[in-house]
Amino acid sequence: MKKVLLGEMKVGARGVIVATKGPDELRRRLLEMGLLEGSPVTLVHQSPFGGDPIAVHVRGALLALRRNEANYIEVSLEGSSHD
């Protein structure tokens with residue numbers, strides 16, 4: 001499976017969260033928002049020109065994140081056959 005950072009995904013891309021990293025306070029906040037390992041995630045919106053925010057669907061919720069926050073979340077892309 002190909003692994004990417006959540007902030008690098010394209011709109012419509014789906015995957016599964018494999019790791020949530022970052023400074024303790026940020027990591028704790030992301031986990032509290034439901035961005036847990038093993039959770040399916042879909043990128044549903046990004047601002048024009050690749051700016052902030054992005055919107056992701058995870059665990060039944062639609063979340064808005066800054067791209068720099070999303071880049072602490074590693075995702076295994078759905079449908080990719082190799083690294």
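Author: Helices are DSSP runs of H or I with at least four residues, strands are DSSP runs of E with at least two, and both are numbered from the N terminus. This is a predicted model, where local features need pLDDT of at least 70, side-chain atom pairs count only at pLDDT 80 or more, and totals for chains, interfaces and linings use all residues. Residues are numbered from 1 along each chain as its sequence is written, and side-chain values use heavy atoms, without hydrogens or water.

Reader: How many helices and strands are in the chain?

Author: Start at the N terminus and read off the elements: β-β-α-β-β-β-α-β. Each α is a helix and each β is a strand. The tally is two helices and six strands.

Reader: What is the radius of gyration of the chain, and what does the globule rule give?

Author: The radius is taken over C-alpha atoms, and the rule is 2.2 Å times the number of residues to the power 0.38. The two values are close, so the chain is as compact as a globular protein of 83 residues. The radius is 12 Å, and the rule gives 12 Å.

Reader: What share of the residues is buried?

Author: Buried means under 20% relative accessible area, exposed means over 50%, and partly exposed lies in between (1.4 Å probe, protein chains only). The chain has 83 residues. The buried share is 40%.

Reader: Which residues touch the most other members of the largest nonpolar core?

Author: A nonpolar core is a set of buried Ala, Val, Leu, Ile, Met, Phe, Trp, Tyr and Cys residues joined through side-chain atoms within 4.5 Å. The largest one here has 19 residues. Helix H1 (24-32) and strands S3 (40-46), S4 (54-58), S5 (61-65) and S6 (73-77) each give two or more residues to this core. Those that touch the most other members are Leu6, Met9, Leu35, Val41, Val56, Leu65 and Ile73.

Reader: Is Leu65 buried or exposed?

Author: Leu65 sits in strand S5. Contact means heavy atoms within 4.5 Å. Beyond four places in sequence, Leu65 touches Leu6, Leu30, Met33, Leu35, Pro53, Ile54, Val56, Ala70 and Ile73. Its relative accessible area is 1%, so Leu65 is buried.

Reader: How far apart in space are Leu65 and Leu30?

Author: Along the sequence, 35 residues separate this pair. C-alpha to C-alpha, the distance is 9.4 Å.

Reader: What is the relative accessible area of Val41?

Author: Val41 belongs to strand S3. Not counting residues up to four places away, its contacts include Leu6, Met9, Ile17, Val56 and Val75. Val41 counts as buried because its relative accessible area is 0%.

Reader: Where is His57 found?

Author: At 39% relative accessibility, His57 is partly exposed. Its contacts outside four places in sequence are Pro40, Val41, Thr42, Val44 and Leu62. Its C-alpha atom is 6.5 Å from that of Leu43, which is 14 residues away in sequence. His57 is in strand S4.

Reader: What separates the C-alpha atoms of Gly22 and His57?

Author: Gly22 lies in the loop between strand S2 (14-20) and H1. Gly22 touches Arg27 and Tyr72, leaving out neighbours up to four places away. Gly22 and His57 are 35 residues apart along the chain. Their C-alpha atoms are separated by 21 Å.

Reader: Which residues does a cis peptide bond join?

Author: Most peptide bonds are trans. Here one cis bond has an omega of about -10°. Pro53, one of its partners, is in the loop between S3 and S4. The bond joins Asp52 and Pro53.

Reader: What is the phi of Arg59?

Author: Most residues other than glycine have a negative phi. Arg59 is in the loop between S4 and S5. Its relative accessible area is 57%, so Arg59 is exposed. Though not a glycine, Arg59 has a positive phi of about 50°.

Reader: How far apart are the mean positions of the positive and negative charges?

Author: Lys and Arg count as positive, Asp and Glu as negative; His and the chain ends are not counted. Each charge is placed at NZ of Lys, CZ of Arg, CG of Asp or CD of Glu. There are 11 positive and 10 negative charges. Their mean positions lie apart by 3 Å.
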